[in-house]
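Here is a short tour for anyone who likes to look at pockets before setting up a calculation. Have the viewer open and follow along.

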Amino acid sequence: MPTMAIIGMQWGDEGKGKIVDLLSESAAHIARAQGGNNAGHTVVAKGVEYRFHLIPSGILYPSAKCYIGGGTVIDPASLLAEMDQLRSHNISFEHRLFISSYAHVVFPYHRLLDELADRSQGIGTTKKGIGPCYADKANRLGLRMADLLSKGFRNHLKEVLKRKNFELEKLYGHPPLDFEALASEYERYAQKLASFLAPVEEMLYKALKKEKILLEGAQGTLLDLTFGTYPFVTSSSTIAGGIPAGLGLGPAIDCTLGVVKAYTTRVGNGPLPTELSPEEMARFPDHIQSREIGVTTGRKRRFGWFDAVLAAHTLRLSGINRLALMKLDILDGLDEIRICKSYLLHGKETSSFPVLSEELLQVSPVYETLRGWKSSTKEAKSIEDLPKEARAYLSRIEELCAAPISLVSVGPGREQTLFLDPLFKEADWRC
Ligand code: GDP
Ligand code: IMO
Ligand code: MG
């Protein structure tokens with residue numbers, strides 16, 4: 001049966017949570033493959049707002065089976081807090097939330113080292129320990145969920161902690177962490193999480209033959225460790241190709257849906273070529289109204305105009321078939337709307353996305369200006385309900401990205417979604 005990958009096409013926070021929740025209605029299985037609780041995915045269902053960091057955003061449907069794959073990194077305390085959030089809403093997830101034993105575990109020394117390193121490195125990370133945890137994985141110093149439950153856990157942790165404490169003390173002058181306290185804290189977590197560990201890889205392999213699987217990307221393509229705006233990136237592969245690798249699923253994606261905002265945002269440091277001037281920013285709804293405050297860190301997101309050079313580039317990197325165009329309503333009040341169609345770099349116009357972040361900082365966007373629609377799109381139920389200027393804006397984005405828009409989102413709620421493509425209405429995901 002078909003699989004669909006949901007991939008952020010910008011720098012994260014495109015609205016993936018909303019789309020995953022919507023499409024989960026017809027999916028039997030929903031899986032997260034990479035990242036950790038640096039992600040923050042929002043779902044607004046029946047007026048209630050849920051924030052997911054590691055638990056897949058499809059969990060609200062009582063029959064959906066949700067998986068946290070081997071390519072993720074798990075902070076047990078944060079995961080347990082997410083579970084409590086669900087319990088407080090009377091959402092039961094026992095026997096339908098499964099965690100891969102291959103996933104690596106985030107420890108307090110990862111969070112500390114993230115925080116201490118970022119003081120001088122200046123990436124503006126989420127400080128959740130994600131980078132140091134993936135670094136330990138690559139250095140063969142990590143502990144996986146399976147290791148947490150194994151007999152050798154204490155010995156394993158003791159060896160690793162020696163090295164981590166050395167780093168903390170010698171490099172940063174930070175007091176060492178106490179082995180006994182850490183080991184017993186994580187043994188308690190292991191007990192609480194043990195019943196959720198399952199052979200996720202085998203389960204998904206079998207599911208693939210019978211039912212639809214939704215693959216929930218985290219972060220955005222430009223935060224990809226290899227192809228993002230390095231070094232201002234996260235530490236996992238966020239492109240569509242990274243998802244099967246993170247799940248041990250085989251290259252089985254039938255449709256890749258690119259989730260993209262009608263403008264651009266970025267949280268944390270690094271280049272953002274179309275970043276708004278303070279005067280332009282003043283014409284947009286503020287951060288609270290536009291829901292542009294980070295779910296994970298509470299930081300205000302930076303704003304930019306829609307960047308078609310970026311979108312065409314990320315579309316190629318993930319082999320995006322269709323677009324979900326999000327947050328059109330945020331542009332409702334503008335007289336004029338700009339789209340960046342190319343860059344000027346070293347005096348030459350180009351539609352290539354530079355590899356070097358310092359070059360991306362130097363590009364001048366070449367804009368075209370479209371008329372705004374100056375009316376609310378929030379209540380629209382179909383594409384015909386949108387003002388003609390809004391439809392012209394969507395058509396221009398389709399043209400510049402060379403991909404069709406399948407969904408338009410005009411508000412955070414499930415019902416504020418326009419389906420332009422029978423592919424989704426009929427819940428057939430073969431693109
Ligand atoms: P994700 O990380 O990609 O899942 O996105 P986030 O949840 O971090 O950020 C998206 C924010 O925009 C959330 O607060 C959503 O509830 C909200 N949102 C999603 N779609 C729309 C939309 O079409 N219009 C408006 N106004 N808000 C939206
Ligand atoms: P979702 O899934 C937006 C950013 C951080 C920082 C960089 C590295 O909600 O779209 P990290 O802590 O991962 O080492 O930080 O990546 N970042 C995100 N930005 N949305 C996310 O996830 C992000 N996850 C990480 O702000 O710039
Ligand atoms: Mg987010």
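The notes below cover a hairpin and two pockets of this predicted model.

## A hairpin to start with

Strand β3 covers residues 41-45, and 4 of its 5 residues are buried. Its partner is strand β4 (residues 48-52): the two run antiparallel and share 5 bridges. Within this pairing, H41 sits opposite F52 of β4.

The strands β3 and β4 make up a hairpin with 2 residues between them, and in the turn K46 has a positive phi of about 50 degrees.

## The largest pocket

If you are looking for space, the largest pocket offers about 950 Å³. Its lining is made up of 47 residues, and those nearest the centre are T125, G131, V233, T234 and S235.

Three helices, α3 (108-121), α4 (130-138) and α6 (153-172), each contribute at least two residues to this lining. Sorted by class, the lining of the largest pocket holds 18 nonpolar, 18 polar and 11 charged residues.

## The second largest pocket

The second largest pocket has about 500 Å³ of volume. It is lined by 30 residues, with T42, R291, R301, K327 and P412 closest to the centre. Here the hairpin comes back into view: β3 and β4, along with α1 (16-24), are the elements giving two or more residues to this lining.

Charged residues number 13 in the lining of the second largest pocket, beside 10 polar and 7 nonpolar ones. Domain 1 (3-100 + 198-247) and domain 3 (260-425) each provide at least three of the lining residues.

Terms used. Residues are numbered from 1 along each chain as its sequence is written. Chains are lettered from A and ligands numbered from 1 in the order in which they are written. This is a predicted model: local features need pLDDT of at least 70, side-chain atom pairs count only at pLDDT 80 or more; totals for chains, interfaces and linings use all residues. Side-chain values use heavy atoms; hydrogens and water are left out. Buried means under 20% relative accessible area, exposed over 50%, partly exposed in between (1.4 Å probe, protein chains only). Helices (H or I, at least four residues) and strands (E, at least two) are DSSP runs, numbered from the N terminus. Two strands pair if DSSP finds at least two bridges between them. On a 1 Å grid over the protein atoms alone, a cavity is a set of points where a 1.4 Å probe fits but cannot get out, and a pocket is an open set with protein on both sides within 12 Å along at least five of seven lines; lining residues have an atom within 4 Å of a point. Grid points are joined across faces, edges and corners, and a volume is the space filled by probe spheres set on the points. Ala, Val, Leu, Ile, Met, Phe, Trp, Tyr, Cys and Pro count as nonpolar, Asp, Glu, Lys and Arg as charged, and the others, Gly among them, as polar. Domain bounds come from an automatic or database domain assignment.
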